[in-house]
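Grab a pencil and let's work through a few exercises together. Each one sets a task and then solves it step by step.

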There are 2 protein chains.
Amino acid sequence: MNYTEAKDKFISTWGALGTLWGINKAMAQIHALLWISPEPLSMEDIMEELHISRGNTSMNLRQLMDWGIVFKESKPGERKEYFVSEKDVQELARQVAKERSRREIKPVIKVLREVSGIEGDGTKKTEELIKQTKALYELADNADTMMNKIVNQESNWITKTLMKLIK
Amino acid sequence: MNYTEAKDKFISTWGALGTLWGINKAMAQIHALLWISPEPLSMEDIMEELHISRGNTSMNLRQLMDWGIVFKESKPGERKEYFVSEKDVQELARQVAKERSRREIKPVIKVLREVSGIEGDGTKKTEELIKQTKALYELADNADTMMNKIVNQESNWITKTLMKLIK
DNA sequence: TTAAACTTTCAGTAATTATTGAAAGTTTAA
DNA sequence: TTAAACTTTCAATAATTACTGAAAGTTTAA
């Protein structure tokens, strides 16, 4: 496998993984491209490499920036804007964990707390609803707390922790 | 909030979360419904409660069974089949982790190993590709190993581990 | 066996989500 | 200011994904 084959394989695999996890293909592929690029890339560069339109590129770059894993960069004397990805894998993991927690997990935890907190009325179905949503609430809340730990620790905490667990 | 409101809120929230994580709404909602149901439900019951078609119900029940989190149950003397969900939250988490690892993470790890294993040719871009995909490979491989740990431990391992980490 | 009771499959259709491309908007050099 | 160089927005459209419903398939009781 030569450079081009490896690059294409990585980009398309990353895109497919994204899709599986609810992230759109273009967004994941732009990230993949920037992740392995030693130089900042312009919108033109990205459009050309991935064969996607200007609008699509622009919208997905914005999303990646909203996620905090891609940044704008300007080269002195040039009008064009360039983009670079976060290059540290730990920081990438932290940022993704943090954003998914904030956008998706926290709101669900809130609902689970509300639902599991309703008053029992003595019926079996209400008891079951309370019991089962409470169990889910506790699981989600624990997982989320762990994520926040990860987010707020020094950068190689993940690896250290994983190592501890694996041993 | 009364029983019906709480139930509906839980089911629709669970469906929305599923969608966000690449799981279709009907599948997530059927799971939610079974999760809080004290009794096994028939296909009719599910169709009626969620207002979905027979075909849709059948296909998504199959998927839930493939994931190992919903089971068929027959009542003696009845022709109809009933369905129950795994009720233990630890077992649910284990099963979901196991399946996502097998279906999605493992294949990606394989590609990352292949891509990061290509031979360097002295160019900067090849060096960067190797370096960055190797970092991702290590992260994914660690995370997956942890998942497998979870899958193969006694049922309350997750909670214990999380507790250790949180303290 | 037969046929009733049930489940699965799948072609067609609907709903959702992603993408395009051109117009509108913004920035900057002169 | 102006206009060139660039980016963003968004209505239209394409692509993907989910859903329906009826036909085909399966199981079981008699």
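A bit of vocabulary to begin with: Ala, Val, Leu, Ile, Met, Phe, Trp, Tyr, Cys and Pro count as nonpolar, Asp, Glu, Lys and Arg as charged, and the others, Gly among them, as polar. With that, the residues of the surface near DNA strand D split into four nonpolar, eight polar and six charged.

Some ground rules too. This is a predicted model, where local features need pLDDT of at least 70 and side-chain atom pairs count only at pLDDT 80 or more, while totals for chains, interfaces and linings use all residues. Residues are numbered from 1 along each chain as its sequence is written, chains are lettered from A and ligands numbered from 1 in the order in which they are written, and side-chain values use heavy atoms, with hydrogens and water left out.

**Exercise 1. Describe the protein surface around DNA strand D.**

Step 1: find the residues. A residue is near a strand if one of its heavy atoms lies within 4 Å of it. DNA strand D has 18 residues around it, and the closest are S58(A), R79(A), N24(B), S53(B) and N56(B). Of the strand's atoms that come within 4 Å of the protein, 62% are accounted for by sugar and phosphate.

Step 2: look for polar contacts (pairs of N or O atoms within 3.5 Å; within protein, one must be able to donate a hydrogen and the other to accept it, and residues adjacent in sequence count only if both atoms are side-chain atoms). S53(B) places a backbone N or O atom 2.7 Å from a phosphate oxygen of DNA strand D. N56(B) has a polar side-chain atom 3.2 Å from a phosphate oxygen of this strand. For R79(B), the partner is a base oxygen of DNA strand D, 3.4 Å from a side-chain N or O atom.

Step 3: assign the helices. Helices (H or I, at least four residues) and strands (E, at least two) are DSSP runs, numbered from the N terminus. Here, α4 of chain A and α4 of chain B each supply at least two residues of the surface near DNA strand D. The most comes from α4(A), with four residues.

**Exercise 2. Now do it for DNA strand C: which residues come nearest?**

Step 1: list them. Among 18 residues around DNA strand C, the nearest are N24(A), S53(A), N56(A), S58(B) and R79(B). Sugar or phosphate makes up 61% of the strand's atoms within 4 Å of the protein, and bases make up the rest.

Step 2: pick out polar contacts. A phosphate oxygen of DNA strand C sits 3.2 Å from a polar side-chain atom of N56(A), and a phosphate oxygen is 3.4 Å from a polar backbone atom of E81(B). R79(A) has a side-chain N or O atom 3.4 Å from a base oxygen of the strand.

Step 3: name the main contributor. That's α4(B), which gives the most to the surface near DNA strand C, with four residues.

**Exercise 3. How are α2(A) and α3(A) oriented to each other?**

Step 1: get the geometry. Axes are lines fitted to C-alpha atoms, for helices over the stretch in contact, and angles run from 0 to 180 degrees between N-to-C directions. α2 (residues 25–35) and α3 (residues 43–50) of chain A pack at about 110 degrees, with axes 11 Å apart.

Step 2: classify. Angles under 35 degrees count as roughly parallel, over 145 as roughly antiparallel, 65 to 115 as roughly perpendicular and the rest as oblique. So α2(A) and α3(A) are roughly perpendicular.

Step 3: check the contact (heavy atoms within 4.5 Å). Q29(A), I30(A), L33(A) and L34(A) of α2(A) meet I46(A), E49(A) and L50(A) of α3(A). By class, that's five nonpolar, one polar and one charged.

**Exercise 4. Which word describes α1(B) and α2(B): perpendicular or oblique?**

Step 1: α1 (residues 3–20) and α2 (residues 25–35) of chain B pack at about 140 degrees, with axes 8 Å apart.

Step 2: these two helices, α1(B) and α2(B), are therefore oblique to each other.

Step 3: sort the contact of α1(B) with α2(B) by class, and you get seven nonpolar, six polar and one charged residues.
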